[in-house]
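Me: I am new to this structure and would be grateful for a close look at a single part of it. Please set that part within the whole chain.

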Amino acid sequence: MKLDVELQQKLLELANIERSLGVEVSQELPEARELVQLEAQLDRTRKAAGSARMAVDDMELEILRIQSDERKLRARERDDKAQLTAATDPDVRRDLEHDLYAAKSRIADLMSELQEAHNQIHALRNNVESHGAQVSELERKVEAARRELDSAQAAHEARPDSSQRLAELRAELPAEVLAEYDSVRHENGVGVAQFTNRACGGCYIQLPPASVNHIRTTSETLLPQCPDCGTYLVR
Ligand SMILES: [Zn+2]
């Protein structure tokens with residue numbers, strides 16, 4: 001196909017715009033993807049923060065349970081001691097001493113359980129705090145990502161109308177060239193593409209050396225075709 005060199009660039013621009021319009025509708029803004037990822041991360045972190053909070057609640061209940069058991073055992077200890085001052089029967093005294101020993105030993109166990117629970121709740125509270133900080137940090141990031149998406153969408157909507165540019169380009173190109181371009185584009189969805197190094201910009205196939213040589217030696221006012229997909233190639 002014959003076409004002046006400066007018009008070849010316009011034909012390529014026309015083909016590129018028309019090709020990009022075909023995929024534009026389904027294209028997602030990268031800012032939207034980023035926001036979705038951050039929101040998912042925030043959601044996971046909030047759940048982890050909730051679990052950390054629940055672990056603290058459970059440990060607080062455990063401490064209350066230990067303290068309540070301790071109070072009951074101390075009462076039993078006092079009661080055993082009081083009864084021992086009055087009891088004279090050796091069997092009764094033996095039973096009371098046995099019970100007193102059991103209560104004291106259980107209190108000692110509870111005290112070490114309580115110490116362990118206090119150590120754990122300290123670590124668990126730190127965990128809640130660090131999750132809280134992560135949540136706040138992610139909330140800030142999500143907020144920033146939302147603003148970026150808003151401005152990206154605004155920029156996307158305010159972009160110059162491509163239909164006007166397409167009309168300008170078509171007005172400048174010869175009718176028979178447009179007819180040929182439209183016909184090939186109808187067949188392969190591309191019509192005209194850039195020839196880059198050794199590859200066709202339409203089908204992206206690396207062409208064999210003989211074809212590359214043929215394309216390179218074609219007169220510059222002629223548009224060679226990709227031997228594979230038929231796309232006209234602009235060098
Ligand atoms: Zn091709």
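Reply: The following account begins with the model as a whole and then turns to one helix and its surroundings.

This is a predicted model, in which local features need a pLDDT of at least 70 and side-chain atom pairs count only at pLDDT 80 or more, while totals for chains, interfaces and linings use all residues. Residues are numbered from 1 along each chain as its sequence is written, and side-chain values use heavy atoms, with hydrogens and water left out.

The pLDDT, the predictor's confidence in each residue on a scale from 0 to 100, averages 93 over the chain, and 97% of the residues score at least 70. Confidence is lowest in helix α1 (residues 5-24), with a mean of 86, and highest in strand β3 (residues 232-234), at 97. Helices (H or I, at least four residues) and strands (E, at least two) are DSSP runs numbered from the N terminus.

The domain assignment divides the chain into domain 1 (5-25 + 161-234) and domain 2 (30-157); such bounds come from an automatic or database assignment. The centres of the two domains, taken over C-alpha atoms, are 68 Å apart.

The part chosen for a close look is helix α3, which comprises the 68 residues 90-157. Its expected span, 1.5 Å times one less than its number of residues, is 100 Å, and the 97 Å between its end C-alpha atoms agrees with this. At the N-terminal end of α3, aspartate 89 acts as a cap: one of its side-chain oxygens lies 3.0 Å from the backbone nitrogen of aspartate 91. This is a polar contact, that is, a pair of N or O atoms within 3.5 Å; within protein, one must be able to donate a hydrogen and the other to accept it, and residues adjacent in sequence count only if both atoms are side-chain atoms.

Within helix α3 lies histidine 131. Histidine 131 is buried because its relative accessible area is 15%, where buried means under 20%, exposed over 50% and partly exposed in between (1.4 Å probe, protein chains only). Apart from residues up to four places away in sequence, histidine 131 touches Thr45, Ala48, Ala49 and Ala52, contact meaning heavy atoms within 4.5 Å.

For comparison, glutamine 8 belongs to helix α1 and is buried, at 3% relative accessibility. A polar atom of the glutamine 8 side chain lies 2.9 Å from the backbone oxygen of leucine 3. Beyond its neighbours within four places in sequence, glutamine 8 has contacts that include Glu220, Leu222 and Val234.
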